[in-house]
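Work through these exercises with the structure open beside you. Try each task before you read its solution.

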There are 2 protein chains.
Amino acid sequence: MTTDARTPLTRERVLHAAVALADEHGLPAVTMRRLAEELGAEAMSLYYHVAKKEDVLDGIVDVVAQEINEAVARLAPGPDWRQTARRRILTAREVFLRHRWAPALFETRSSTSLAVLKYYDALVGVLHDGGFTHDRIHHALHALGSRALGFSHEVFDPNAGASAEIPAELAAQLPNLVGMLREIAHDDPDSTLGWCDDQAEFEFGLDLILAGLDLLRDR
Amino acid sequence: MTTDARTPLTRERVLHAAVALADEHGLPAVTMRRLAEELGAEAMSLYYHVAKKEDVLDGIVDVVAQEINEAVARLAPGPDWRQTARRRILTAREVFLRHRWAPALFETRSSTSLAVLKYYDALVGVLHDGGFTHDRIHHALHALGSRALGFSHEVFDPNAGASAEIPAELAAQLPNLVGMLREIAHDDPDSTLGWCDDQAEFEFGLDLILAGLDLLRDR
DNA sequence: ACCTGAACACCGTTCAAGT
DNA sequence: ACCTGAACACCGTTCAAGT
């Protein structure tokens, strides 16, 4: 996996190595020392090409966002704004499915990367062409939140406990939740489909919001 | 701020000191050493009351969630499910406005705290009483995401750049975004209202989803 | 111009030792 | 039972020094 140690370091090489490292071993594995090791260099050498670790993290967000922009650029426009936006967002989501650590990182960034800005710029264009006022688009971006970028980091996953054994004592404290989970399990015994499930839920939420926005557009 | 160093340490004291520390100096200030100092003890003493730092973080999530549950318990039910759910969520949000660091932390937790589970349990109850099937409630929780808990951590804040100067070269790359921001600024010169603005956007997104769910309920 | 070794100030955590 | 000092393995980062 380590690329040959002879080729000189560049900011680009550092950032791509960081993405690869996060892909393979998770974000916590991305330390300056480990990253340098991966590149066949010393940790201190990185500082010649990168200001500090924050700079690396900003950088890999930008790399992922560029990957999204490239994927989205290949898309044909849909028959209407809603389909076009939907396709773009689901395509962006595919990139995040390849970089599972990325949503959590995106959420920690305060300044927005240029590539992310470009992504939103194009989305604003799609909505504006679809007949939305700029004011409505502004609301729409807030309503969509991170969903516009293709992910919704769930703080509570109802599915998580679905298969796990729930102790009786705990179950007694959570009658409604347990009732819900039991009924869902009964309705569809094969409902634990891994990320396919999440995909369905993501699309449900997305379509709900897009439909709501569509209704507002005509008023 | 440091509580008297004579009173013995307990898990509770440690967790409440951690919340106070985060409130005052942000989450990064919560280190085991700093936390011990705040309690008039040594870092190593904490380990007698707490397994590890992760345990502290899980613990303060639970403390905040308990605060939410207490606030929400004082609420009178609304005239319908939608008002009831809305009030609960906006009340939960008020707690997060007192603990600005909490949304980011909630997002990093993988296992869900008991207090959070109880919060969701009550919300499931509200929706079920409102006439939703458990299956629909399950979808609704996913659609709401963290909004059900009272926050929506924006990865891109359109307002952030509204007041800042945008260099001409950058503006040329982001025609739609700049166009949107210019028009909004024009429509309402006083639109930079700090968190009040966010509040309005949060409610817009929330109401959009609740309305969408209400429509589904009758079908 | 690019890379490095030694060093500094900070982490979380273990463990034997104190009371 | 509760607390601590010394120590370990790890961070990010600076800075003077190498080529």
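**Exercise 1.** Sort by class the residues of the surface near DNA strand D. Then find the residues closest to that strand.

*Solution.*
Step 1. The class count for the surface near DNA strand D is eight nonpolar, three polar and five charged residues. This is a predicted model.
Step 2. In total, 16 residues surround DNA strand D. The closest come from both chains: Arg33(A) and Lys53(A), with Ser45(B), Tyr48(B) and His49(B).
Step 3. Look at the strand's side of the contact. Of the atoms of DNA strand D within 4 Å of the protein, 57% belong to sugar and phosphate.
Step 4. Assign the residues to elements. α2 (32-38) of chain A and α3 (43-46) of chain B each supply at least two residues of the surface near DNA strand D.

**Exercise 2.** Which side chains place an N or O atom 3.0 Å, 2.5 Å or 3.1 Å from a phosphate oxygen of DNA strand D?

*Solution.*
Step 1. Begin in chain A. The side chain of Tyr47(A) has an N or O atom 3.0 Å from a phosphate oxygen of DNA strand D.
Step 2. Move to chain B. For the side chain of Ser45(B), the distance from an N or O atom to a phosphate oxygen of DNA strand D is 2.5 Å.
Step 3. Add His49(B). An N or O atom of its side chain is 3.1 Å from a phosphate oxygen of DNA strand D.

**Exercise 3.** Now describe the surroundings of DNA strand C, and say how many residues lie there.

*Solution.*
Step 1. Count the residues. DNA strand C is surrounded by 16 of them.
Step 2. Name the closest. Chain A gives Ser45(A), Tyr48(A) and His49(A), and chain B gives Arg33(B) and Lys53(B).
Step 3. Check the strand atoms. Within 4 Å of the protein, sugar and phosphate make up 57% of the atoms of DNA strand C.
Step 4. Sort by class. The surface near DNA strand C has eight nonpolar residues, three polar and five charged.

**Exercise 4.** For Glu42(A), Tyr47(B) and Lys53(B), decide: does a backbone or a side-chain atom lie by a phosphate oxygen of DNA strand C?

*Solution.*
Step 1. Glu42(A) uses its backbone. A polar backbone atom of this residue is 3.1 Å from a phosphate oxygen of DNA strand C.
Step 2. Tyr47(B) uses its side chain. There, an N or O atom is 3.0 Å from a phosphate oxygen of DNA strand C.
Step 3. Lys53(B) uses its backbone. The distance from a backbone N or O atom to a phosphate oxygen of DNA strand C is 2.8 Å.
Step 4. Place the surface on the fold. The elements giving two or more residues to the surface near DNA strand C are α3 (43-46) of chain A and α2 (32-38) of chain B.

**Exercise 5.** Place the UniProt annotations on chain A. What is the secondary structure of that chain?

*Solution.*
Step 1. Take the whole chain. Chain A has twelve helices and zero strands. Its C-alpha trace spans about 60 × 55 × 25 Å along the principal axes.
Step 2. Mark the domain. An unreviewed UniProt entry gives "HTH tetR-type" for residues 8-68 of chain A. That stretch is 69% helix and 0% strand, with its end C-alpha atoms 27 Å apart.
Step 3. Mark the DNA-binding region. UniProt, again in an unreviewed entry, lists residues 31-50 of chain A for it. This span is 55% helix and 0% strand, and its end C-alpha atoms lie 13 Å apart.

**Exercise 6.** How are α1(A) and α4(A) oriented to each other? Repeat for α1(B) and α4(B).

*Solution.*
Step 1. Get the chain A geometry. The axes of α1 (residues 11-25) and α4 (residues 53-73) of chain A come within 9 Å and cross at roughly 80°.
Step 2. Classify the angle. α1(A) and α4(A) are therefore roughly perpendicular.
Step 3. Name the partners. Among them are Leu15(A) and Val19(A) of α1(A), and Val56(A) and Ile60(A) of α4(A). By class, the contact has six nonpolar, two polar and two charged residues.
Step 4. Turn to chain B. The axes of α1 (residues 11-25) and α4 (residues 53-73) of chain B come within 9 Å, crossing at roughly 80°. So α1(B) and α4(B) are roughly perpendicular to each other.

Technical notes:
Residues numbered from 1 in each chain as written. Chains lettered and ligands numbered in written order. Predicted model: local features only at pLDDT ≥ 70, side-chain atom pairs only at ≥ 80, totals over all residues. Heavy atoms only, no water. UniProt positions renumbered as here; feature names shortened; annotations may be inferred. Helix = DSSP H or I, 4+ residues; strand = E, 2+ residues; numbered from the N terminus. Axes fitted to C-alpha atoms, helices over the stretch in contact; angles between N-to-C directions. Parallel < 35°, antiparallel > 145°, perpendicular 65-115°, else oblique. Near = heavy atom within 4 Å. Polar contact = N/O pair within 3.5 Å; in protein donor to acceptor, adjacent residues only side chain to side chain. Nonpolar A, V, L, I, M, F, W, Y, C, P; charged D, E, K, R; others polar. Contact = heavy atoms within 4.5 Å.
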